[in-house]
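Colleague: Before we discuss this model, could you put the sequence and the structure up where we can both see them? I would like to go through the ring pairs, the cores and the strand pairing in turn.

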Amino acid sequence: MITEYQRKLRERYIAASVMPAPEPWQPVLDRGTPIGGLLGIGFAVHPDSGHDLVMVVSGDGHGLFDAVTGEKVARDRDPDPDTSTPDASPELTCPGLGPVEGMQVRISGLFGGGLHSTTPDGWTLDVVSPEWPHDRVILSADGGSHRGPAGGTWWHVFHSEYSELRAAGFSPSGLTLAVATSSDLTLWNRSELHFDD
């Protein structure tokens with residue numbers, strides 16, 4: 001049995017349609033990047049540009065994307081079978097590729113793990129499932145309380161209706177927001193953190 005508060009909260013989430021993320025968040029690409037058989041994602045930092053990088057682990061190998069431009073930076077279609085999925089490591093890591101070759105990248109997704117759910121300057125990300133098994137990704141600037149109507153201090157930015165959600169969260173820098181499903185990767189980015197004075 002659910003409480004009256006839980007019922008109203010569920011209704012609030014169901015009533016909120018998917019909307020663009022607010023300023024300063026910008027979509028990296030117009031739509032998500034299709035990636036069949038996506039198992040998980042993780043973040044690294046480009047050693048030259050300082051951009052956030054997103055490493056994708058899928059049934060078709062590993063890929064590395066620039067989280068600012070959306071460009072595919074590196075691809076390995078045939079990773080070592082002993083380290084091709086994060087469950088081979090107690091730390092849920094996979095070997096980096098391209099500019100982060102030689103590093104271990106923590107991967108969140110089908111095998112467990114998690115991405116950051118908050119940023120240093122106060123953005124919060126929650127995954128809610130008022131109509132399970134379809135997950136909704138909620139971005140908020142109110143500490144995750146989700147008060148009032150959507151579009152005020154919280155935004156329903158992604159609805160996983162057609163694929164299984166694998167991971168959702170922020171990069172350690174707080175400049176990138178990523179949502180990964182079993183079939184695609186969606187990214188938002190911003191140029192800097194903003195702290196209220």
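Modeller: Please keep in mind that this is a predicted model. We can start with the aromatic pairs, which come to four by the rule applied here.

Colleague: How is the pair of W25 and F170 classed: stacked, edge-to-face or tilted?

Modeller: The two ring centres are 5.8 Å apart, and the planes stand at 35 degrees to each other. Since planes under 30 degrees apart would count as stacked and those over 60 as edge-to-face, the pair of W25 and F170 is tilted.

Colleague: How many residues apart in sequence are the parts that this pair ties together?

Modeller: W25 sits in the loop between helix 1 (4-15) and strand 1 (26-27), whereas F170 belongs to strand 13 (residues 165-170). Both W25 and F170 are buried. Because the two rings come from these separate places, the parts they tie together are 145 residues apart in sequence.

Colleague: And W123 with W155, what separation in sequence does that pair bridge?

Modeller: The planes of W123 and W155 lie at 45 degrees with the ring centres 5.9 Å apart, so this pair is tilted. W123 is in the loop between strand 9 (108-109) and strand 10 (124-131), and W155 is in strand 12 (residues 154-160), so the parts tied together are 32 residues apart in sequence.

Colleague: Which residues do the ring pairs link into a cluster?

Modeller: W123 and W155 are both buried, as are W25 and F170. The cluster that the ring pairs link consists of W25, W123, W155 and F170.

Colleague: Which elements give two or more residues to the largest nonpolar core?

Modeller: This core has 16 residues, of which W25, L139, V157 and W188 touch the most other members. The elements that contribute two or more residues are strand 11, strand 12, strand 13 and strand 14 (176-181).

Colleague: How many residues are in the other core that lies apart from it?

Modeller: Among the members of that other core are I35, V56, A178 and L185. Nonpolar side chains tend to be buried together in soluble globular proteins. The size of this other core is 15 residues.

Colleague: Is H146 buried or exposed, given that it lies in a loop?

Modeller: H146 lies in the loop between strand 11 (134-140) and strand 12, and its side chain makes a polar contact of 2.6 Å with the side chain of Y13. Its contacts beyond four places in sequence include R12, D126 and W154. Because its relative accessible area is 1% and the limit is 20%, H146 is buried.

Colleague: How many of the residues of strand 15 are buried?

Modeller: D184, T186 and W188 point one way from strand 15 (residues 184-189), while L185, L187 and N189 point the other way. All of these residues are buried, and the number for strand 15 is six of six.

Colleague: Which residue of strand 15 stands opposite T33?

Modeller: T33 lies in strand 2 (residues 33-34), and strand 2 runs antiparallel to strand 15, joined by two bridges. T33 counts as buried because its relative accessibility is 17%. The residue opposite T33 is L185.

Colleague: What is the bridge partner of V179 in strand 15?

Modeller: Strand 14 and strand 15 pair in the antiparallel sense over five bridges, and a hairpin joins the two strands through two residues. The bridge partner of V179 is T186.

Methods. Residues numbered from 1 in each chain as written. Predicted model: local features only at pLDDT ≥ 70, side-chain atom pairs only at ≥ 80, totals over all residues. Heavy atoms only, no water. Phe/Tyr/Trp six-rings, centres within 6.5 Å; stacked < 30°, edge-to-face > 60°. Helix = DSSP H or I, 4+ residues; strand = E, 2+ residues; numbered from the N terminus. Buried < 20%, exposed > 50% of the residue type's maximum accessible area, 1.4 Å probe, protein only. Polar contact = N/O pair within 3.5 Å; in protein donor to acceptor, adjacent residues only side chain to side chain. Contact = heavy atoms within 4.5 Å. Core = buried A, V, L, I, M, F, W, Y, C linked by side-chain atoms within 4.5 Å. Pairing = 2+ DSSP bridges.
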